[in-house]
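Colleague: Got a minute to walk me through this one? I'd like the strands, the cavities and the aromatics, in whatever order suits you.

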Amino acid sequence: MAARDSLLIASLLAGALVLQAGIARADDDDDDRTGPGAVHEVESIETENIFGYTLGTDTGEKGEKEINFTLDGRLGKLGGDYKAYSGEVEVEYAITDNLKFSLGGAVAGFNIRNVYGFEDTSTGGLGGAFFELKYRFLDHRTSPIGLSLSIEPEWSRLDETSGEATTAYGIEFRLAADAELIKDYLFAAVNIVYQPEWEREDREFEIEDVGEFTSRYWAAGSGLEISGALTAQVVKDVFLGGEVRYLAAYDGATFGSQQGWGLFVGPTLYAQITETAYVKAVWSIQVAGSPGEPFWNSSLDLVNFERQQGRLQVGFQF
């Protein structure tokens, strides 16, 4: 509990830092800069992908198109060997300077052996599909901070943790804020993500003198993510940073009883390879957590989350 409270306090402080720095930048935007921020004069740095799992608020210029490929890996649960992978392809289009639409699909693979609560399996296939609408309310270049809201409905045909065949629907709501702390050099972002989901489950019953039958119903759950990230342009077009994420799982679509929480930290890397191509890499390790079950004496939540999470993304703009 202490670690969770510390994270929430840190998130509030990070948000205050973003706001304060953004106001200072707005008041002093025309001043000449010295120090690290003066090394590279860049007209505009797109912030959406420069952080990590945390996203920036930019949506691209009107008419801009992008295709990106993302590989996610999640490793480690209670006992045994747990590996889950997913690959996504996403096409994005900037309808206006402040509104972006994207559409994508995913494949997924699982390799699970001797893990508590899971059947052994080695499976994979089509994971699902999704689309997203993202609107930027404030531009960090002209306002104290950047501010955006994205909504992403999704459909899945494989359970995201067990790999079992299913049907699930979810909606991700992401509120993002970012700021340029040192011009063209140091950037910060804070995200709050709420994700309700509904998954079809089958329960088998047996009644004496009647026989066996299956009852089908929809189970609801929800997730909360609060993250903060800092990144710096260490050399031209290459950004190195760090990220802190608090993840929590709840029963019910509207934050019922908490099922567990985990605190993740890790480094981030972003490189603009050419004018139209970039690569992003993230590695995140769970350093604290609780599965929310009193019989588990553990400092990590390896029931609802993994020990390690990683992401590699390559994008092309045109």
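**Rings, cavities, strands**

Modeller: Phe 239 counts as buried, at 3% relative accessibility. Keep in mind that this is a predicted model.

Colleague: Which ring does Phe 239 pair with, and how are the planes set?

Modeller: Phe 187. The ring centres are 6.1 Å apart and the planes stand at 65°, so the pair is edge-to-face. The cut-off for that class is over 60 degrees.

Colleague: Is Phe 187 buried or exposed?

Modeller: Buried, with a relative accessible area of 1%.

Colleague: Where do the two sit in the chain?

Modeller: Phe 187 is in strand β7 (residues 186-207) and Phe 239 is in strand β9 (residues 238-251), so the pair ties together parts 52 residues apart in sequence.

Colleague: How many aromatic pairs does the structure hold?

Modeller: 12. One of them is Phe 101 with Phe 131, which is tilted, at 6.2 Å centre to centre and 35° between the planes. Phe 101 lies in strand β3 and Phe 131 in strand β4, 30 residues apart. Phe 101 counts as partly exposed at 32% relative accessibility. Phe 131 is partly exposed too, at 36%.

Colleague: Which residues make up the aromatic cluster?

Modeller: Phe 173, Tyr 194, Tyr 250 and Phe 255 form one cluster.

Colleague: What does Arg 245 lie over?

Modeller: The face of Tyr 53, at 3.9 Å from the ring centre. Arg 245 also lies over the face of Phe 264, at 5.5 Å.

Colleague: Switching to voids. How many cavities of 30 Å³ or more turn up?

Modeller: Two, from a search of the whole structure. The largest has a volume of about 140 Å³. Its lining has 15 residues, and the closest to the centre are Glu 46, Glu 48, Glu 64, Glu 66 and Gln 317.

Colleague: How does that lining of the largest cavity divide by class?

Modeller: Eight charged, four polar and three nonpolar. Strand β2 gives the largest share of that lining, three residues.

Colleague: And the second largest cavity, what volume?

Modeller: About 30 Å³. Among the residues lining the second largest cavity are Glu 132, Lys 134 and Arg 174. By class that lining has two nonpolar, three polar and three charged residues.

Colleague: Back to β2. Which strand do its 14 bridges join it to?

Modeller: β3 (residues 99-113), running antiparallel to β2 (residues 81-94). The two form a hairpin with four residues between them. Asp 81 stands opposite Arg 113 in β3.

Colleague: What about β3 and β4, how many bridges?

Modeller: 14, again antiparallel. Gly 128 in β4 is the bridge partner of Ala 106.

Conventions:
Residues are numbered from 1 along each chain as its sequence is written. This is a predicted model: local features need pLDDT of at least 70, side-chain atom pairs count only at pLDDT 80 or more; totals for chains, interfaces and linings use all residues. Side-chain values use heavy atoms; hydrogens and water are left out. Two strands pair if DSSP finds at least two bridges between them. On a 1 Å grid over the protein atoms alone, a cavity is a set of points where a 1.4 Å probe fits but cannot get out, and a pocket is an open set with protein on both sides within 12 Å along at least five of seven lines; lining residues have an atom within 4 Å of a point. Grid points are joined across faces, edges and corners, and a volume is the space filled by probe spheres set on the points. Ala, Val, Leu, Ile, Met, Phe, Trp, Tyr, Cys and Pro count as nonpolar, Asp, Glu, Lys and Arg as charged, and the others, Gly among them, as polar. Rings of Phe, Tyr and Trp (its six-membered ring) pair if their centres lie within 6.5 Å; planes under 30 degrees apart count as stacked, over 60 as edge-to-face and the rest as tilted. Buried means under 20% relative accessible area, exposed over 50%, partly exposed in between (1.4 Å probe, protein chains only). A charge sits over a ring if NZ of Lys or CZ of Arg is within 6 Å of the ring centre and within 35 degrees of the ring normal.
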